[in-house]
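Me: I'd like a close look at the ligand site in this one. Could you walk me through what sits around the ligand, and then say a bit about the open and closed spaces elsewhere?

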Amino acid sequence: MDIQLQNLRKTYGSAVAVADMSAKIPQGRMLALLGPSGCGKTTTLRMVAGFIAPTSGSIRVGATDITTLPAHKRDTGLVFQSYALFPHLSAAENIAFGLRRRGVARAEREQRVTAMLDKLKLSGLADRLPRQLSGGQQQRVAVARALVINPSILLLDEPFSNLDAKLRESTGLEMSRLQREFGLTSIFVTHDQTEAMSIADTIAVMKDGELQQIGSASEIYERPANRFVADFIGRANFLAGRILRREGQDAVAELAAGLEMRLLDPGAAALPGAQGEALLRPEAIALADHASPGSFKATVEQISYQGAIANLHARLADGSAIVASVPPEDARGLAPGKLVGLAPKPAALIWFAKS
Amino acid sequence: MTKPETKGGGARWALFAPALLFAPCAFVYAVFFIWPQASLLAISATDAAGLTLAHYQRFAGDSYYWEILGRTLGLGAAVTAITLVLGVPTAYLLARVQSRWAGFLLLLTTFPLLVSAVVRSFGWMVLFFRDGLLSHGLMALGFADKPVQTMYTMAGVIIALAQVLLPLMILTLHGVFKSIDRDLEYAAMSLGARPIVALGLVTLRLASGGIVAGSLLVFSLAISAFATPSLVGGARANVMATAIYEQAIELLDWPFAAALATILLVTVLALSLAYGALLEGRGEREAAR
Ligand SMILES: Nc1ncnc2c1ncn2[C@@H]1O[C@H](COP(=O)(O)OP(=O)(O)OP(=O)(O)O)[C@@H](O)[C@H]1O
Ligand SMILES: [Mg+2]
C-alpha cells in the first residue's frame, strides 16, 4: 500500500523537530530520509510507526488515515538502529514474537520462522540469544523479525550504521532485494548519502526539520534545489560570482574573480548584477593547459590518488580552493606548485543566487 | 627493552593487585561483621557446662516464640507486597517520563530516606492515635462509627514500615527500569503487542531480577526493623527484633537473645539463597533454550 505524509509536523515546546513534511511513497517503493544529525529523520519515522503523536498533519496508508491509530494496530515492520532484539529470547523466538501476537498456529509459525531463518542465512543460529550473536547476525535477526509478519509497511532507522563498510554495502543491497521481493512500501532513514542513493527509489533530503528536496538520486545530484542539497550530496565546489548579462534563457556570469562562464537556464532571478555561487562537481572538471580559454587557472596544492580516480586539490587566482576528480593517468606528471587549467564540462555549472 | 624478569614481576603484580585492593574492605568486613556474628553463634550455643542446644530447644518448644517468628515473616511479606504494588508503577513512570521534572520527582520520593526512621514513625503515631487524624478522617467519611485505634496494632506497623521502606524499593526499581531500553517496548508494539502486553512480556520480564532484588532488600529490612515496630507496634506487635532487644537489654538473657538473632539471620540467608538459586536456574534455562 502507498504511504502519504501530509504536512507532518512535530514540535517540542518551541523547538521544531519536523516542520511540514510531505511525501508520497508509491506501493512497493523505498523512500530514503536523508539529512545531517538532528534534522528530524527519526522523529518522522517514529510518527509513521505510531510511537510519537504528530503535532499536526496526517499519515495515510492506502485509503486509511492512520494518524491516530495506536502502534500495535499499524501493521508496520520496524528495524531499529540498535536492533532492539529481546535479550531474553532466542533468535527464533525473537522472530516468532510477532506471529505469536497475531495468533498464528504453532505449525505455521515454526514453518514461517524456519523459512525466514533460511532466507537470512541464520539457520544454525536459531537457538542463540542476541548477546551470543555478532552485530551483523543481530541485524539480520532484526530484519527477519520485521519481515516475517508480512507488514504492509517496512520502516528502517539507520539499520546498517553499526556494521563495517563492506558488510554494510552487501547488507544494504540484500535488504533492498528483499524489500522488492516482498513488494514492501518502505521508509529508510540514513545520514549516509551513498547508502541512500544505492538502495532507495526516492530520496528526501531534510535539514533542521524541513524538507529540502525530494526526488530520485539522479535528480537530487544533478539538479539540487538549493546550496545545502548540493553540498550535502556528493562533493561540491562553489565558485562565487556575479551575473553579467542574460542571453535568452541562459546567462553569462563572471566566476572566481575573472572567468566568464555560460550558465544554462539559471532561473528568472539571475538578472545582471545579481550575486551568487555556481556549483561545479569535481568530476565535471577536465584538465587543460593553463593558457587554454574557458578554463580556470589554478595552482596544484595536493594530489590524492584514490585508485579509480585522482583528486586534485588546487587554488584559483582569487584564493578559493577547488577539487577536481580526474583520471589518474591525467594527473601523472603533476606536482604541487604546478600551474594547470581546469575546464568545466559543458552544462556543468549550476547557479544559486545569494539569499 | 623489557627484560623477562621484569615482565614476570609485572605479571605477578597484576595477579596480586586485585587482592591488595580488596584487602581493606575484607579486613573491615571480617573484624566488624564475621567475627561478631561468629561470637553471637558461639554465645547462643554455649552455657556454663559447655556446648548446648538448650536455647534453641527453648525457642522450638515455646509457641509464643514461633508466633513471633511467624508475625515477623508475615510483616515482611505484607510490607514487601505493599511496597511492590506502590513501587513498581511509580518507579516505572519516573524512569519513563520525559519531563525535566523527573529528576526532581525522584529526589522527592527518596527524601524520606534523609529523615530517620524514628522521626517518621513518630509522624505515624500522631496519625494513628485513637483521637488522631486517621481516626477522625475515617469517622468523618463514614467508614467508622467510633474512634479507630491503629496505634499498637500490626496493621499500623505494616503501614508505617511500608512507608519507611517504599523509597528504597522505588530507588532500586527506578535503576532497573532505566536500564531497560524503551525501544524494546516499541519493538513489541510494532510487532502487534498491545502496550500492556508489551509491558508484561518485555519490560516486567526483563526487570524481574531487579524486582526480586528489591523485594529481598525490603523484606530483609522489614523483618529486622526495630524502631518502627517498637514505636508504632509496642508490646502487642512483638517481632523478632523487639524480642531480641527485650531478652538482651531488659532480661539480660544474652544467650537466648543470641539464639533468636541467629534464627533471624539464618532465615534471611536461606531466603536470599533460595531467591538467588531461583534466578540463577532461570538464567541457565534461558541460555540452554
Ligand atoms: N523528546 C524530545 N524532546 C525535545 N526535543 C527532541 C525530542 N526528540 C527529538 N528532539 C529534537 O528533535 C530534533 C530531531 O531529532 P531526530 O531524533 O528526529 O533527529 P535525527 O534526524 O534522527 O538525527 P540522528 O541522525 O542524529 O539520529 C533534534 O533537534 C532533537 O534534539
Ligand atoms: Mg535518528
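**Around ligand 1**

Reply: Let's start with a backbone contact: a backbone N or O atom of Gly38(A) sits 2.7 Å from an oxygen atom of ligand 1. Keep in mind that this is a predicted model. Two side chains also reach ligand oxygens. Thr43(A) has a polar side-chain atom 2.5 Å from an oxygen of ligand 1, and for Glu158(A) the distance from a polar side-chain atom to a ligand oxygen is 3.5 Å. Overall, ligand 1 has 640 Å² of accessible area on its own, and the protein covers 61% of that.

Now for the full set of neighbours. From chain A you get Tyr12(A), Ala17(A), Ser37(A), Gly38(A), Cys39(A), Gly40(A), Lys41(A), Thr42(A), Thr43(A) and Glu158(A), while Gln98(B) comes in from chain B. Because residues of chains A and B both surround ligand 1, the site is shared between chains. Helix H1 of chain A, residues 41-49, gives the most to this shell, with three residues. Sorted by class, the shell has six polar, three nonpolar and two charged residues.

Next, the pocket. The largest one has a volume of about 360 Å³. It is lined by 19 residues, and those closest to its centre are Glu222(A), Ala347(A), Ala348(A), Leu349(A) and Ile350(A). Helix H7 (217-222) and strand S20 (350-353) of chain A are the elements that each give two or more residues to this lining, and S20(A) gives the most, with three. The pocket lining also draws on two domains of chain A, with at least three residues from each of domain 1 (3-231) and domain 2 (235-353). By class, this pocket has 13 nonpolar and six charged residues in its lining, with no polar ones.

Finally, the closed spaces. The structure holds three cavities of 30 Å³ or more, and the largest cavity has about 50 Å³ of space in it. Its lining is made up of Leu120(A), Gln139(A), Arg140(A), Val143(A), Thr171(A), Glu174(A), Met175(A) and Leu178(A). Helix H4 (135-147) and helix H5 (165-182) of chain A are the elements giving two or more residues here. H5(A) has the largest share, with four residues. By class, the lining of the largest cavity splits into four nonpolar, two polar and two charged residues.

Technical notes
Residues are numbered from 1 along each chain as its sequence is written. Chains are lettered from A and ligands numbered from 1 in the order in which they are written. This is a predicted model: local features need pLDDT of at least 70, side-chain atom pairs count only at pLDDT 80 or more; totals for chains, interfaces and linings use all residues. Side-chain values use heavy atoms; hydrogens and water are left out. A residue is near a molecule or strand if one of its heavy atoms lies within 4 Å of it. A polar contact is a pair of N or O atoms within 3.5 Å; within protein, one must be able to donate a hydrogen and the other to accept it, and residues adjacent in sequence count only if both atoms are side-chain atoms. Accessible areas come from the Shrake-Rupley method with a 1.4 Å probe; for residues, only the protein chains shown count as cover. Ala, Val, Leu, Ile, Met, Phe, Trp, Tyr, Cys and Pro count as nonpolar, Asp, Glu, Lys and Arg as charged, and the others, Gly among them, as polar. On a 1 Å grid over the protein atoms alone, a cavity is a set of points where a 1.4 Å probe fits but cannot get out, and a pocket is an open set with protein on both sides within 12 Å along at least five of seven lines; lining residues have an atom within 4 Å of a point. Grid points are joined across faces, edges and corners, and a volume is the space filled by probe spheres set on the points. Domain bounds come from an automatic or database domain assignment.
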